[in-house]
Structures are given as structure tokens and as C-alpha cells.
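Reader: I'd love a close look at one part of this model. Which residues make up the largest nonpolar core, and what do they touch? Please place that part within the rest of the chain too.

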Amino acid sequence: SEALAEPERWVLKPQREGGGNNFYGQELVDKLRAGEGLAQYVLMSKIQSDSCPALFLKGADDPFRVDASSELGIFAAHLMRGEEELLSTVGGAILRTKLATSLEGGVCAGYGVLD
């Protein structure tokens, strides 16, 4: 599998909200090879975005410069009954930014910030 050959390009994510508990690199390889409990995970190719300079502000402290990367999330709904499309709509969007060196991106888990 591609994920075993190039684990740095993949992430194994549990199907839950909140960020964290993801597997990367050798941990991902070990988890895939063990093969147990994989139904609760989604194997996804990692977003490969360029970093850019950003200013982060935390509390009342002075802003500090970091290398960051941003992700745009689109909330959508698509509902079908057999071949009949009942609903197809976009409900909103979210832009979040994290340190370019961070593997995680969850805002609630403290890894990223909302823009």
C-alpha cells in the first residue's frame, strides 16, 4: 500500500471530532500492519500546503511571528434517496491556521486558531 511505502504522506484519523489521536509515520505503519480495529479509522492523504509567515496572538501577550499553514473547511450536506437527490447545499466554511510544524490542526484541542 502507498501508506506503508510513504507514511509521511498519510494520516490515520479516528472517526470523531476534536482532533488528536491520529497516527503518523511509524505509528501509522505499525497500526496498519497490526490490522486490528481499523474500521474506526479513516486513512487520508495529508494536505501538503506551503507555509507562510504569520503573526499569532495569544491572550494579552505581544504577537509573535511563526511559519504557519492554513486549511479551509467547507461544510456541506448531500442527501439522496436511491437515485433521487433530496438536498445538496453548502452550509458554511471555516478557515483555520496552525504552526507549519504541527501535525495536528484541531482548534478545540489547542493546535490551531480560527481566522
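Author: Happy to: the answer below starts with the whole chain, moves to the core, and then turns to other places for contrast.

A word on the ground rules. This is a predicted model, in which local features need pLDDT of at least 70 and side-chain atom pairs count only at pLDDT 80 or more, while totals for chains, interfaces and linings use all residues. Residues are numbered from 1 along each chain as its sequence is written, and side-chain values use heavy atoms, with hydrogens and water left out.

The protein has two helices and six strands, where helices (H or I, at least four residues) and strands (E, at least two) are DSSP runs numbered from the N terminus. Along the sequence they come in the order α-β-α-β-β-β-β-β. The radius of gyration of the protein is 17 Å, whereas a compact globule of 115 residues would have one near 13 Å; the radius is taken over C-alpha atoms, and the globule rule is 2.2 Å times the number of residues to the power 0.38. Along the principal axes, the C-alpha atoms fill a box of roughly 55 × 40 × 25 Å. Of the 115 residues, 23% are buried, where buried means under 20% relative accessible area, exposed over 50%, and partly exposed in between (1.4 Å probe, protein chains only).

Now to your core. Its six residues are Ala3, Trp10, Leu12, Phe23, Leu28 and Tyr41. A nonpolar core is a set of buried Ala, Val, Leu, Ile, Met, Phe, Trp, Tyr and Cys residues joined through side-chain atoms within 4.5 Å. In soluble globular proteins, nonpolar side chains tend to be buried together.

Two members show how this set is surrounded. Setting aside neighbours within four places in sequence, Trp10 is in contact (heavy atoms within 4.5 Å) with Glu2, Ala3, Phe23, Tyr24, Leu28, Leu43, Met44, Ser45 and Lys46. Phe23 sits in the loop between strand S1 (10-14) and helix H2 (25-34). With such neighbours again left out, Phe23 touches Trp10, Val11, Leu12, Leu28, Lys31 and Tyr41. The C-alpha atoms of Phe23 and Leu12 are 5.1 Å apart, although 11 residues separate them in sequence.

The loop between S1 and H2 also holds Asn22. Asn22 counts as buried because its relative accessible area is 12%. Its C-alpha atom is 5.7 Å from that of Leu12, 10 residues away along the chain. Beyond four places in sequence, Asn22 has contacts with Val11, Leu12, Lys13, Pro14 and Glu104.

For comparison, here are three places outside your core. Ser69 belongs to strand S4 (residues 64-81). Ser69 counts as buried because its relative accessibility is 8%. Apart from neighbours within four places, Ser69 meets Ser49, Asp50, Arg96, Thr97, Lys98 and Ala100.

Leu55, in strand S3 (residues 52-56), is a nonpolar residue with another setting. Leu55 counts as exposed because its relative accessible area is 56%. Its contacts beyond four places in sequence are Pro63, Phe64 and Arg65. Leu55 and Arg96 are 41 residues apart along the chain, with 13 Å between their C-alpha atoms.

Glu85 is part of strand S5 (residues 84-99). Glu85 is partly exposed because its relative accessibility is 48%. Once neighbours within four places are set aside, Glu85 has contacts with His78, Leu79 and Met80. From the C-alpha atom of Glu85 to that of Cys52, 33 residues away along the chain, is 40 Å.

These local contacts fit into one overall count: among contacts between residues at least 6 apart in sequence, 38% join residues at least 24 apart.
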